[in-house]
Amino acid sequence: MSGHSKWATTKRQKAVVDAKRGALFTKIGNQIAIAARSGQDPAMNPSLAMVLEKARHANMPKVNIERAIARAADKNAAALIEETYEAYGPGGVGIIIEVATDNKNRTMPEVRNTLSKNGGRIADPGSVMFQFARKGVIEISETGEDALMSALDAGAEDASEEEEYIEIITAPTELMAVREKLVAAGLTVTSAELKYVPNTYIALSDPADEEKLEKLLDAVDDLDDVVNVFTNAE
């Protein structure tokens, strides 16, 4: 499903570069701090367990992880707020932007201005969201028919094989349970996250719009407070 998006593939490659320059660590650190507010024991806090797995796959230093967890209990630290913005990009494609910020009065104008400078615009709440579904998305490094069958046996709603991995879709509430079954089956889980998955994809017929959209998505994703960007562009 989401694996059929060119942006999703580009973002996977870009994450490696982001990690090297520390941008990804900042984003993941914010996610850890927010998740840890519900409990600092990942065995009892599935949300924290998921983001810690993401941190490990990004090779985030242990000291950074510990600092992010400690931030949740630090009453002197600025409180982080989760916000979700909806937007339109070139060609009318829908965009969902998740942020974690300690100052939404700073973040919202930054997102709005970045969209405006790159051919996009903020949308009214609800006008884009209905085009997406909240799903658990798991990636495993194995490919082939056996791995696909194991994914479905583990309780996946859907599974699709990409070039170098299999993407597995679950109900949001089943994400961790399916992940655990996959690990128990000997499969290598490289990521497990809640994402906004498009109900259908929009193909951009104009190559110029494709180029503009990629530039816009990169610019938004590069903002410090932006955690995730999703689009229904094919």
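## The E3-E1-E2-E8 sheet

In this predicted model, Glu-82 has Ala-100 in E2 as its bridge partner. Glu-83 stands opposite Val-99 in E2. Strand E1 (residues 81-88) and E2 are paired in the antiparallel sense over 8 bridges. The two strands form a hairpin with 5 residues between them, and Gly-91 in the turn has a positive phi of about 75°.

E1 is also joined to E3, by 2 bridges, and this pair too runs antiparallel. Here Tyr-88 stands opposite Arg-121 in E3. The 4 strands form an open sheet in the order E3-E1-E2-E8, with antiparallel pairing. Strand E3 (121-122) and strand E8 (226-231) each have a single partner strand, so one side of each is left without a neighbour in the sheet. Helix H8 (residues 207-221) packs on this sheet, where H8 touches E2 and E8. The direction of H8 makes about 160° with that of E8.

## The E5-E6-E4-E7 sheet

A further open sheet of 4 strands has the order E5-E6-E4-E7, again with antiparallel pairing. Its edge strands are strand E5 (158-161) and strand E7 (189-198), each of which pairs on one side only. From one strand to the next, the twist averages 25°.

At one edge, E5 is joined to strand E6 (residues 166-170) by 4 bridges, and the two run antiparallel. Ser-160 has Glu-167 in E6 as its bridge partner. E5 and E6 form a hairpin with 4 residues between them. Strand E4 (residues 132-140) pairs with E7 in the antiparallel sense over 9 bridges, and Arg-134 stands opposite Tyr-196 in E7.

## A salt bridge between E4 and E2

Side chains of opposite charge can pair when their charged atoms come close. A search of the whole structure finds 6 salt bridges. One of them joins Arg-134 to Glu-98, with the closest N and O atoms 3.1 Å apart. This pair links distant parts of the chain, 36 residues apart: Arg-134 lies in strand E4 and Glu-98 in strand E2 (residues 94-101). E4 belongs to the sheet ordered E5-E6-E4-E7, whereas E2 belongs to the sheet ordered E3-E1-E2-E8. Arg-134 thus has Tyr-196 of E7 opposite and Glu-98 as a salt-bridge partner.

## Helix H2 against H3 and H4

Two packed helices are described by the angle between their axes and the distance between the axes. For helix H2 (residues 23-35) and helix H3 (residues 46-57), the axes come within 9 Å and cross at roughly 160°. H2 and H3 are therefore roughly antiparallel to each other, as angles over 145 degrees count as such. Their crossing is left-handed. In the contact, Ile-28, Gln-31, Ile-32 and Ala-35 of H2 meet Ser-47, Leu-48, Val-51, Leu-52, Lys-54 and Ala-55 of H3. By class, these residues divide into 7 nonpolar, 2 polar and 1 charged.

H2 also packs with helix H4 (residues 62-73), at an angle of about 40° and with the axes 8 Å apart. H2 and H4 are therefore oblique to each other, and H2 passes H4 in a right-handed crossing. On the H2 side the contact is made by Phe-25, Gly-29, Asn-30, Ile-32 and Ala-33, and on the H4 side by Asn-64, Ile-65, Ala-68, Ile-69, Arg-71 and Ala-72. These residues comprise 7 nonpolar, 3 polar and 1 charged. Ile-32 of H2 appears in the contact with H3 and in the contact with H4.

## Helix H3 against H7

H3 packs with helix H7 (residues 175-184) at an angle of about 55°, the axes being 10 Å apart. That makes H3 oblique to H7, and the crossing of the two is left-handed. Pro-46, Ala-49, Met-50 and Glu-53 of H3 make the contact with Leu-175, Met-176 and Arg-179 of H7. This contact has 5 nonpolar, no polar and 2 charged residues.

Notes
Residues numbered from 1 in each chain as written. Predicted model: local features only at pLDDT ≥ 70, side-chain atom pairs only at ≥ 80, totals over all residues. Heavy atoms only, no water. Axes fitted to C-alpha atoms, helices over the stretch in contact; angles between N-to-C directions. Parallel < 35°, antiparallel > 145°, perpendicular 65-115°, else oblique. Left-handed = near helix turned anticlockwise from the far one by under 90°. Contact = heavy atoms within 4.5 Å. Nonpolar A, V, L, I, M, F, W, Y, C, P; charged D, E, K, R; others polar. Pairing = 2+ DSSP bridges. Salt bridge = Lys/Arg side-chain N within 4 Å of Asp/Glu carboxyl O.
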